[in-house]
Amino acid sequence: MKRTGPTEDIDESRLEVHAPKDYAAGLTGVAVSLVRGVEQMGTGRTVRALRLVNQRQGFDCPGCAWPEPREADGEGRKLAEFCENGAKAVAEEATLRRAGPEFFAAHPVAELAGKTDYWLGQQGRLTHPMVLREGATHYEPLSWDDAFTLVAEKLRALSTPDEAIFYTSGRTSNEAAFLYQLFARSFGTNNLPDCSNMCHESSGAALSATTGVGKGSVSLADIQHADLLVVVGQNPGTNHPRMLTALERAKARGARIIAVNPLPEAGLMRFKNPQNARGLLGRGTALADEFAQIRLGGDLALFQAIGHLLLSWEEAAPGTVADQDFIASSTHGFETYAKNLRELDWAAVDRATGLPREQIEKIARMIAESERTVYCWAMGLTQHRHAVPTIQEITNLALLRGMIGKPGAGLCPVRGHSNVQGDRTMGVWEKMPERFLSALEQEFGIPVPRKHGYDTVDAIRAMRDGHGRVFIAMGGNFAAATPDSALTERALRSCELTVQVSTKLNRSHVVHGKTALILPALGRTERDVRSGVEQFVTVEDSMSCVHTSRGRLRPAGDQLLSEVDIVCRLAVTLLGDEHAVPWHEFRTDYDRIRDRIGRVVPGCDDYNARVREPDGFVLPHPPRDSRQFPGTANGKANFTTSELEYPEVPPGRLLLQTLRSHDQYNTTIYGLSDRYRGISDARRVVLVHPEDLAGLGFTDGELVDLVSEWKDTERKAERFRVVAYPTARGCAAAYFPEANSLVPLDSVARTSNTPVSKAIVIRLEHTAH
Ligand SMILES: Nc1nc2c(c(=O)[nH]1)N[C@H]1C(S)=C(S)[C@@H](COP(=O)(O)OP(=O)(O)OC[C@H]3O[C@@H](n4cnc5c(=O)[nH]c(N)nc54)[C@H](O)[C@@H]3O)O[C@H]1N2
Ligand SMILES: Nc1nc2c(c(=O)[nH]1)N[C@H]1C(S)=C(S)[C@@H](COP(=O)(O)OP(=O)(O)OC[C@H]3O[C@@H](n4cnc5c(=O)[nH]c(N)nc54)[C@H](O)[C@@H]3O)O[C@H]1N2
Ligand code: SF4
Ligand SMILES: [Mo]
């Protein structure tokens, strides 16, 4: 097998376009997982690795945050408890390819900066700590001790701890995340931006204010017992593939599904379950009973229209639609909500959604008739200017019908990274509540800063303005994942030091500060032995279940350190042996970290014992567990009232969303096959409705530049191939991260500050030859 990555980068002219698929998974998915596994890991390691994914004695899949089945939900685990994209995530990490010191000696950084994230990532695992010294052309190896000394010196030289920024990506374990935030706060700052700021921050903001818990309120059992599932702004076939198994089971029990999406995503239409003969050989299961092909950003209007209809039916026949008992006993703000929706501007609803009135009525009818509704959503809702009120409008519908805190019903923001929810529970947030900060202070006897820190967008602004001078990332790919690429890259380059704790090479290593460090970490799949004892870590899935993850594979190199070890050694170098936090103790025995998590983090009492239960444990969630809402200011679930709002698009312009292909994990590009959408071998494509293309004077296959227009500014992304595609009218789509340069830094969601990467006003221009 090939142990080196590709030498050639993507050749965009090789684009192939076929008709989109109308079903997800099936045999091809199985074949692709095996081929990718063997390509990256060889046969033996592929078999060993895939046997361990999502098993109780194995590791948590490094893909998405979809939960594993639990006995408590009436389900056991199968031998193969993973999907095609989980297998790709494992292959990508457990690859036998290496990017070691020889690789860096052979490639000047300036050359690497010209490569795509695909090429960079495919070079293999990072194996040695590397430094790029000021003015140098190449990264060179250095010892771990020298690396930690260098970071400590640069941190000490800052005029205030607030000039340091500590970013986290959502793959970091609970143990590492807990220590990382403790380290940042011991140093003296709350500058803890994370990938969640660009992801489900809007869900957290919306739900904290309305239900008092910024997390979802359902379990897998609820999904399976729902009689109606509303899946909005989410592409589960690619991004949460095992969700399709849950949807299939719900359908088998008679559930109906409503999908709301500008794109007819294959995974919303039909599922051929690779784990049964019917799925492999037959037609599979039809999923969406109703597919609403909405315009980008039209969801707030849709859910207001549905609310309006439900309220009018309730008024006509009191007690038939609204759950009056629940509303009276447990909620606040219903009257104002109802009053606000009594009059509805249907013309605005038409413009915002592009949906026929009959379809909106039909969907409202389905919601009115359902006894057990679950609402699921993801980035199609969270990355809009009006994301927070949109999610709150869904919450209003759930409250109106009493669809929270009862079996088969609830709110389900489907999280992205496998431990993004856990990282937040562990304190990775720039504005953790006082209760958490004072618990930290008490537990460790250290002063903890109270001033709120920077989130992702504010961190970029701070670096741009010279207030952020040392940037440290615990995983992720900040340079590529963030908006306004040109501005963000300048901001990173102006730092004194950038430090990336990483597993694979990516753009954030080649867009660097004056001095830059790469610190190679053990991945989730790898054995982590401390003082002769195999350690495990813990993670939290999208449904608040906390459980263990044990790496079992041979590590990619003997120089790699665990993320826990990296934080502890850095902390000792900077803060000294006498520091009040026992960093040495934590390094060698992760149980000691868990003891402290149990004492500091709400809901984690007796943590060491409870994570050792076969399926772990579920964190408390009062609205889900007992229909109580102690987390809101008034102790009630709150209805909210918002203006009808949607993105305005000037004539001759399109609204662009940036999304994931089937063959990538965020900025990690596994391959070049967006199979369900029929697009392969290239990534710089823009999907536009054929009639919009004709109307704008462009043709399918043509090369165009995308120009985004925001306030008085313009941003350009060059050389995209037009693909005529059945998206909603007036809307377009291009892949993340290629199109990130088009997202203005200041274009953010209100309240959550999440970059608006699903509604960018663009015009097309013929590429000059
Ligand atoms: N294989 C794989 N799995 C992943 C990831 C990955 O990159 N690859 N990423 C992980 C992460 S971090 C996350 S956050 C999740 C992301 O999971 P998703 O949210 O499914 O990811 P996106 O590709 O951004 O897809 C957004 C979906 O919402 C639709 N949409 C866009 N705008 C709107 C809108 O205005 N209204 C409505 N109703 N729909 C809209 C799009 O057409 C698309 O189907 O996946 C996680 N899982
Ligand atoms: N335009 C646009 N931008 C977006 C989005 C979008 O939809 N559109 N989505 C946003 C979303 S939802 C998210 S979550 C962010 C993602 O932003 P990030 O989380 O910053 O990006 P990733 O691509 O997930 O990070 C991949 C890198 O993580 C490192 N890595 C992988 N596993 C490990 C590990 O176990 N340990 C360590 N230390 N490092 C590891 C590897 O080096 C890899 O290159 O992007 C956001 N940006
Ligand atoms: S659904 Fe998500 S967590 Fe489960 S195997 Fe697939 S990628 Fe991994
Ligand atoms: Mo995400």
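Biologist: How do the residues of the shell around ligand 1 divide into nonpolar, polar and charged?

Modeller: In this predicted model, the shell has 12 nonpolar, 16 polar and 4 charged residues. Glycine goes with the polar group in that division.

Biologist: What makes a residue part of that surrounding group, and which are the closest?

Modeller: A residue is near the ligand if one of its heavy atoms lies within 4 Å of it. For ligand 1, 32 residues surround it, and the closest are N261, E265, D299, Q664 and N666.

Biologist: How do you know that G297 makes a polar contact with ligand 1?

Modeller: The cut-off is a pair of N or O atoms within 3.5 Å. A polar backbone atom of G297 is 2.7 Å from an oxygen atom of the ligand, so this pair counts as a polar contact. G233 also offers a backbone N or O atom, 3.2 Å from an oxygen of ligand 1. With Q657, the side chain takes part: one of its N or O atoms is 3.0 Å from a ligand oxygen.

Biologist: And how much of ligand 1 does the protein bury?

Modeller: On its own, ligand 1 exposes 920 Å², and the protein buries 99% of that.

Biologist: Why do you say that ligand 1 lies between domain 3 and domain 4?

Modeller: Because both domain 3 (201-414 + 634-638) and domain 4 (654-766) give residues to its shell. Looking at the elements, α10 (236-239), α19 (379-382), β25 (654-659) and β26 (664-665) each supply at least two shell residues.

Biologist: What does UniProt list for residues 654-758?

Modeller: An unreviewed entry there gives the feature "domain: Molybdopterin dinucleotide-binding". Over that stretch the chain is 7% helix and 41% strand. For residues 125-506, the unreviewed entry lists "domain: Molybdopterin oxidoreductase", and here the chain is 47% helix and 14% strand.

Biologist: Let's turn to the backbone. Why is A25 called buried?

Modeller: Buried means under 20% relative accessible area. A25 has 14% relative accessibility, so it counts as buried. A25 sits in strand β2 (residues 24-25), and its phi is near 70°, a positive value in a residue other than glycine.

Biologist: What makes S544 count as buried?

Modeller: The same 20% limit applies, and S544 has 2% relative accessibility, so it is buried. S544 is in the loop between β21 (537-540) and β22 (545-549). Although it is not a glycine, S544 has a positive phi of about 65°.

Biologist: Which peptide bond is cis, with omega near 5°?

Modeller: That is the bond from F736 to P737. You will find P737 in the loop between β33 (731-735) and β34 (760-766).

Notes. Residues are numbered from 1 along each chain as its sequence is written. Chains are lettered from A and ligands numbered from 1 in the order in which they are written. This is a predicted model: local features need pLDDT of at least 70, side-chain atom pairs count only at pLDDT 80 or more; totals for chains, interfaces and linings use all residues. Side-chain values use heavy atoms; hydrogens and water are left out. A polar contact is a pair of N or O atoms within 3.5 Å; within protein, one must be able to donate a hydrogen and the other to accept it, and residues adjacent in sequence count only if both atoms are side-chain atoms. Accessible areas come from the Shrake-Rupley method with a 1.4 Å probe; for residues, only the protein chains shown count as cover. Helices (H or I, at least four residues) and strands (E, at least two) are DSSP runs, numbered from the N terminus. Domain bounds come from an automatic or database domain assignment. UniProt positions are given in the numbering used here, feature names are shortened, and annotations may be inferred rather than shown by experiment. Buried means under 20% relative accessible area, exposed over 50%, partly exposed in between (1.4 Å probe, protein chains only).
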